[in-house]
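Me: Could you walk me through this structure with a few questions and answers? I would like to follow the reasoning step by step.

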Amino acid sequence: MIRYAYIIPLLPLISFWINIFFGKRLPRKGDWVSLATITASLLMSICIFAEVFRAYDPNFKYHVAFPWLVIGDRFSLDAGILIDNVTAVMLMVVTIVSTLVHLYSVGYMHGDPRYNRFFAYLSIFSFSMLGLVLAESFFFMFVFWELVGLSSYLLIGFWFEKKSASDAGKKAFVVNRVGDYGFLIGIMIIFATCGVLEFDKVFAAIGAGKLQGQLLTLAGIGVFCGAIGKSAQFPLHVWLPDAMEGPTPVSALIHAATMVAAGVYLIGRVYPLFTPDAFLFIAYFGLITLFISATIALTQNDIKKVLAYSTVSQLGFMVLGLGVGGYTAGLAHLTTHAAFKACLFLGSGSVIHAVHSQDIQEMGGLRKKMPITFWTFIIATLAIAGVPLFSGFYSKDMILAAALEFGMKNPAHYILFFGALLTAGMTAFYMFRMVILTFFGTPRDHHKFDHAHESPLNMTIPLIILATLSFSFWFSPWFGKLVVKPQTVANVAMAAAAQAPAHEAAPAAVPAPAEHAAAPAAAHGGSNEAEHEAHIAHMAHSYAMYSSVTVGGLGILLAFGIYMLGWVDPNAMAERFKPLYQFSLNKWYFDELYEATVISGSKAFSRGCAWFDNNVVDGLVNLSAQLGVFVANLIGKFDNGVVDGAVNGVADMTIGSGSILRRVQTGKLFHYLFILAGGALVILLVKFF
Amino acid sequence: MMTLQAFLIISAALFCCGLYTVMTRQNGVAVLMGVELILNAANINFVAFAHYLSHVMGGQIFAIFIIVIAAAESAVALAIFLRLYANTGSVEIDTADRLKG
């Protein structure tokens, strides 16, 4: 089955072409084409996952490629697919969520005027995302990277009649461009030094020391810039909350479960090439992101905005996890987050569908009206809050443990753990604040409450499936065993570089004994160190578990206390800490900041360019034109005066001499005779005298 | 005894008379008469040179040819003048300038 893996992305592509051209004329406007192809992809992914799972090998790797672009013998680029355990898991994540979102959209988008186009876009997105997951080189990674960006743009601006939606689409596209630029620079550094683009070959080249030191760090940070853009990390996180203008199924599929996780997946995919410095950079960006977005999520009132900021925050967790060396932790959170966050988004879509509002202050008491939505929503919320037995606990706990372990080894970076721990508490708090305001208590808007109703079956079934996947027992038995941290080639290269001078220096002084003495000592120290490390890891894990359960519980308790039992009036609190509240409500003024600096800066720059263009460039052009006219005038004068003068002069001379000479030709016979006789006489006289 | 010089002098005088007539006369017929004088001056030269300097009759035969050609020429010229007179009412050669460019 795994041999046919390349068909998985191609099926949605076919459906895209069918739907974009013939969707309108097909029965049911072609939704079944998309649904059928993505379901087929899902089934194939399940088969492949089963195959990979049966092998149960942490180093499983299936790699097939054919030469795609060959330029002489200097450069060749392969097209192919690479399937290892992470890929198999990602295939499952993408196809499951995508299939469920397709199913959900049949109900949610019912009656939309561009129904067929919506499914076409969903198909092109599925194609791009699956291609991205299967890509085996930086080149194809980048191609599909841009394609998911395109489909994200199309789907955010799907209701482009709304100005806010089309603006949000453009914003997402442009902001992503900034990150992609960094990604491209990273790829260029790698290509310029290693000369290859396939992941395996690049790692081999770095291992061979072709790219090292500062430049390798820079390449890693460059690639991470792509992830900053796509995974909405600080400072490019501003596009994701705006992207909620798109239809809710899109938010669930692209902006919660799959595409935004592509950045995290990318970091995991190229994990071996990051240097310790690059990892530290990644970890701190993750920390900043998760903290900022969690504080913003505390005060938002739009149900989708809360979820959007919580997505940004959870992506920050993943990035932090990968940054502090928790490879398994980060990718586990990616996988679990995809399920519960998709469930939350689809649940919010169900709520929005029922009450026709996104403001949680207008909801309340929906628990009884929408039982299925409520129960699935609460399960997913428990998962994101990190309650034991739920999937979020399993993965977030691993991240916190990795952060704590990192902090124990490098005490200067303890803040990575405590920041994340505090944010985990905030996550529990704001998620339960949202759940309580939406589903508990008494309805605040009776008109909307009376109209509310449970969503149809094709919308609730995805919710139930995703909620089922939010339990940890689906993941915990195998994930840590199959997805293991790859060897970092950057370290190998650095170690080799460090060793080389030592070897050169050694032979002169004490050649053999020193090495003999050093080797056992190193081995001994190594085993001790390994034991010590295992001890730290164990300690970190238990501490992290207790503390995360504690802060999660505190957060939930606080949310219930404030919003249900009324310990403190939230409005009074907001009034009391007004500056902080406003700061959070206005999203740390990031949009205003960018408006004031980047946007107005680039506007000023473009005005400057326009001025330069209008005055200098146009001036030069006009000057050269005037110069041309001037020279042409001169040439015209020369032409009229000298050339024509010469021509006319010749003519005039001919006419003049003609008019003089014609007098000789009188036509009178005796004149000619006279001249003839005179001439003869002169000849005679000359002859004889 | 007649010498060659005597013939040449007569011939030159005759030629000058003819040339003078041709140069000064306006009347076409008079000009034609001047041309006859010039031709006959040439005839005298031919015959004289043939008589004194050669023993073949080439000169005399040339003279006879010239006489014949002169007769033919006069006939043609007189016919032209006749047509000229019919068209313009005069045989003044200065008036016959209608072919001038």
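Reply: Gladly! One definition to begin with: the radius of gyration is taken over C-alpha atoms, and the globule rule is 2.2 Å times the number of residues to the power 0.38. Please keep in mind that this is a predicted model.

Me: Thanks! What radius of gyration does chain B have, set against a compact globule of 101 residues?

Reply: For a compact globule of 101 residues, the rule gives a value near 13 Å. The C-alpha trace of chain B spans about 50 × 25 × 25 Å along its principal axes. The radius of gyration of chain B is 17 Å.

Me: And which order do the elements of chain B follow from the N terminus on?

Reply: Chain B has 3 helices and 0 strands. Read from the N terminus, the order is therefore written with helices alone: α-α-α.

Me: What percentage of the residues in chain B is buried?

Reply: A residue counts as buried if 20 or more other C-beta atoms lie within 10 Å of its own. Of the 101 residues in chain B, the share that is buried comes to 15%.

Me: Among contacts in chain B between residues at least 6 apart in sequence, what percentage joins residues at least 24 apart?

Reply: Two residues are in contact here if their C-beta atoms lie within 7 Å. Taking the chain B contacts between residues at least 6 apart in sequence, the share joining residues at least 24 apart is 47%.

Me: Now to the contact that takes residues from chain A and chain B: how many come from each?

Reply: Chain A gives 7 residues and chain B gives 8 residues. By class, the chain A side that touches chain B has 1 polar residue, 1 charged residue and, to answer for the nonpolar class too, 5 nonpolar residues. So that the counts asked for stand last, by the C-beta contact rule: 7 from chain A and 8 from chain B.

Me: Let's turn to chain A. Are α2(A) and α3(A) roughly parallel or roughly antiparallel?

Reply: Helix α2 (residues 31–55) and helix α3 (residues 85–108) of chain A pack at an angle of about 155°, and their axes are 9 Å apart. That angle makes the two helices, α2(A) and α3(A), roughly antiparallel.

Me: Which residue classes make up the contact of α2(A) with α3(A)?

Reply: The α2(A) side includes L35(A), I38(A), L42(A) and F49(A), while the α3(A) side includes L91(A), M92(A), I96(A) and L103(A). By class, the contact of α2(A) with α3(A) has 12 nonpolar, 9 polar and 1 charged residues.

Me: How does α2(A) lie against α4(A), roughly parallel or roughly antiparallel?

Reply: Helix α4 of chain A covers residues 115–134, and α2(A) packs on it at an angle of about 20°, with axes 9 Å apart. Angles under 35 degrees count as roughly parallel. The two helices α2(A) and α4(A) are therefore roughly parallel.

Me: Which residues of α4(A) meet α2(A)?

Reply: From α2(A) come D31(A), S34(A), T37(A), I38(A) and S41(A). The contact of α2(A) with α4(A) divides into 4 nonpolar, 5 polar and 1 charged residues. The α4(A) partners are F119(A), L122(A), S123(A), S126(A) and L130(A).

Me: What hand does the crossing of α2(A) with α3(A) have?

Reply: α2(A) passes α4(A) in a left-handed crossing. For α2(A) passing α3(A), the crossing is left-handed.

Me: Is I292(A) buried or exposed?

Reply: I292(A) is found in helix α12 (residues 276–297) of chain A. Leaving aside its neighbours within four places in sequence, I292(A) is in contact with F234(A) and W588(A). Because I292(A) has 22 C-beta neighbours inside 10 Å, it counts as buried.

Me: Which residue does F234(A) join through a cis peptide bond?

Reply: Most peptide bonds are trans. Here omega is about 0°. The partner lies in the loop between α8 (213–230) and α9 (239–242) of chain A, and is P235(A).

Me: Last one: is Y56(A) buried or exposed?

Reply: Y56(A) lies in the loop between α2 and β1 (61–71) of chain A. Its phi is positive, about 50°, although Y56(A) is not a glycine. With 11 C-beta neighbours inside 10 Å, Y56(A) counts as exposed.

Note on methods:
Residues numbered from 1 in each chain as written. Chains lettered and ligands numbered in written order. Predicted model: local features only at pLDDT ≥ 70, side-chain atom pairs only at ≥ 80, totals over all residues. Axes fitted to C-alpha atoms, helices over the stretch in contact; angles between N-to-C directions. Helix = DSSP H or I, 4+ residues; strand = E, 2+ residues; numbered from the N terminus. Parallel < 35°, antiparallel > 145°, perpendicular 65-115°, else oblique. Left-handed = near helix turned anticlockwise from the far one by under 90°. Nonpolar A, V, L, I, M, F, W, Y, C, P; charged D, E, K, R; others polar. Buried ≥ 20, exposed ≤ 12 C-beta atoms within 10 Å, placed from the backbone.
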